[in-house]
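Here's a quick briefing on side-chain contacts, put together for someone who'd rather look at atoms than read prose. Have a look at the structure first.

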Amino acid sequence: MTIDTVLTELSSMLGDRLSRSKSDLLHHGASESHFAPTPPDAVVWPETTDEVSRILKLCHGAEVPVIPYGAGTSLEGHTSAPLGGLCLDMSRMNAVVTADPGDMIAVVQPGLTREDLNHELRTLGVFFPVDPGANASIGGMAATRASGTTTVRYGSMRDNVLGLTVVLADGRIIKTGSRAAKSASGYDMTALFLGSEGTLGVITELTLRLHGIPEQINAGICAFADMAAAVGAVQQVIQMGIPMARIEFVDADTARAFNGYAGTDMPECPHLLVEFHGSPAAVTEASEGFGEVVEDFGATAYKHATRTEDRNALWKIRHHAFYAVLSLRPGARAVVTDICVPISKLAQAVEETQADIAASGLLGPILGHVGDGNFHAILLIEDGNAAEKATAKALATRMSERALTMGGTITGEHGIGMGKLDLMDSEHGAAWSVMGDIKSALDPSGILNPGKLVPQ
């Protein structure tokens, strides 16, 4: 059976939910980051787990590559199709199957975005806390083991996914986990698929842990003379156990980008953006404690935001940071990278990264989720400039190598995709080959998202 035969059968099955139009192929093979477009041969939009199973059985028999696709917000080439094949766009599987505030659980389909999920949950007094910034799909967030601005309090997808329905490469449908709070029953299969980036199976349903909407939320922002003071304040806040729901930092270039892109009037210096959740008394105590700590580190203009619209405006600016930074160099592309280090090494990692970027001659604002030691660099390069791209990629590699020497990891949330394959052996050693063994056991023909994550 050839790919043309497979596509003919799929066309009979799916009708106009299969496309080979150039615009659809380019859209699904492109990336927001620096990777050149590598389109698939076709795009399909399944609507049920059974359809996904039937699609994978056909592709497995013909050894046709299958690339799962969520909202397309990944930054390391996760959804590129270097070998062609079939793009499985999950956006039509976007329902809340059940929501049970009694058990604090929701069952959802993978194409549902996090913003739409929380819109559906708002009347129940609960919410799903994982916030990577982009309005990503829940399935994509699970496949990349996403985290984000709220990880310091609520954890990542690893902590908030209780179970999955997964279709394997040969079309078998399996269920992992349960609705229970914990289990000692066999291997943790849910954890295996979290972060597998579509290389082990296609997620078609997720059981999520929900949290109660806080009685009160207070956000704030403050400025610092330099990044060392800002990071030092973060370390002190965490060591003192002040409960934070979010604690983000941006450097001077990012503040400048916000001003130009969103019309803010932030001083062009490093800032911390924070948020506190809880009872009115607990939020007040945490906010005042935070203010005292940052004042000791020279913070100025500590402003509070208790109104919902003011808080939303603050975090909207942070969530649009990528596009704001791109506006600093119109027409530029970005090499976007992240690392995560132990909190005790955070200041050193940031300072050395800033020095590297300054020496390179590139513009590369830094921002991140400093509450868990994770930060990003957005390295701006002229589109098509091979020398600048090589410089940026070398910078990103040095960041990853630095993280490993500090006991950290080459990525805290962006994942591996195609972009960081050559660094996996340095971090994992023999364990990386074991990942390849697992891949071979579950996907012996190698059809699921080939060219990503595991040894080739």
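What follows is a short tour of salt bridges, aromatic contacts and one helix. Keep in mind that this is a predicted model. The count comes to 23 salt bridges and four aromatic pairs, and a few of them are picked out below.

**Salt bridges**

- Asp131 and Arg114 meet through their side chains in a salt bridge, 3.0 Å from N to O. Asp131 sits in the loop between β7 and α5 and Arg114 in helix α4, so this pair ties together parts that are 17 residues apart in sequence.
- Both ends of that bridge are tucked away: Asp131 is buried at 5% relative accessibility, and Arg114 is buried at 7%.
- There's a wider network here too, with Arg114, Glu115, Asp131, Arg246 and Glu275 linked by salt bridges.
- Asp338 pairs with Lys420, with the closest N and O atoms 3.9 Å apart. Asp338 belongs to strand β16 and Lys420 to the loop between α15 and α16, so the bridge ties together parts 82 residues apart in sequence.
- Asp338 is buried with a relative accessible area of 0%, while Lys420 is buried at 2%.
- Glu352 and Arg402 form a salt bridge at 2.9 Å, N to O. That one links helix α14 (Glu352) with helix α15 (Arg402), 50 residues apart.
- Here the burial is mixed: Glu352 is partly exposed at 32%, whereas Arg402 is buried at 12%.

**Aromatic contacts**

- The ring centres of Phe127 and Tyr154 are 5.5 Å apart and the planes are at 85°, so you're looking at an edge-to-face pair. Phe127 is in strand β7 and Tyr154 in helix α6, so the pair ties together parts 27 residues apart in sequence.
- Phe127 is buried at 15% relative accessible area, and Tyr154 is buried at 10%.
- Phe322 and Tyr323 also pair edge-to-face, at 5.2 Å centre to centre and 80° between the planes. Phe322 is buried at 14%, but Tyr323 is partly exposed at 36%.
- Phe276, Phe290 and Tyr302 form one aromatic cluster.
- Arg246, a member of the salt-bridge network, has its charged end over the ring of Trp315, 4.8 Å from the ring centre.

**Helix α4**

- The buried residues of α4 (residues 114-121) are Arg114, Leu117 and Leu121. Viewed down the helix axis they fall within an arc of 60°, so they line one face of α4.
- Those buried residues pack against β5, β6, β7, α5, β10 and α12.

Technical notes. Residues numbered from 1 in each chain as written. Predicted model: local features only at pLDDT ≥ 70, side-chain atom pairs only at ≥ 80, totals over all residues. Heavy atoms only, no water. Phe/Tyr/Trp six-rings, centres within 6.5 Å; stacked < 30°, edge-to-face > 60°. Helix = DSSP H or I, 4+ residues; strand = E, 2+ residues; numbered from the N terminus. Buried < 20%, exposed > 50% of the residue type's maximum accessible area, 1.4 Å probe, protein only. Lys NZ or Arg CZ within 6 Å of the ring centre and 35° of its normal. Arc of directions from axis to C-beta. Contact = heavy atoms within 4.5 Å. Salt bridge = Lys/Arg side-chain N within 4 Å of Asp/Glu carboxyl O.
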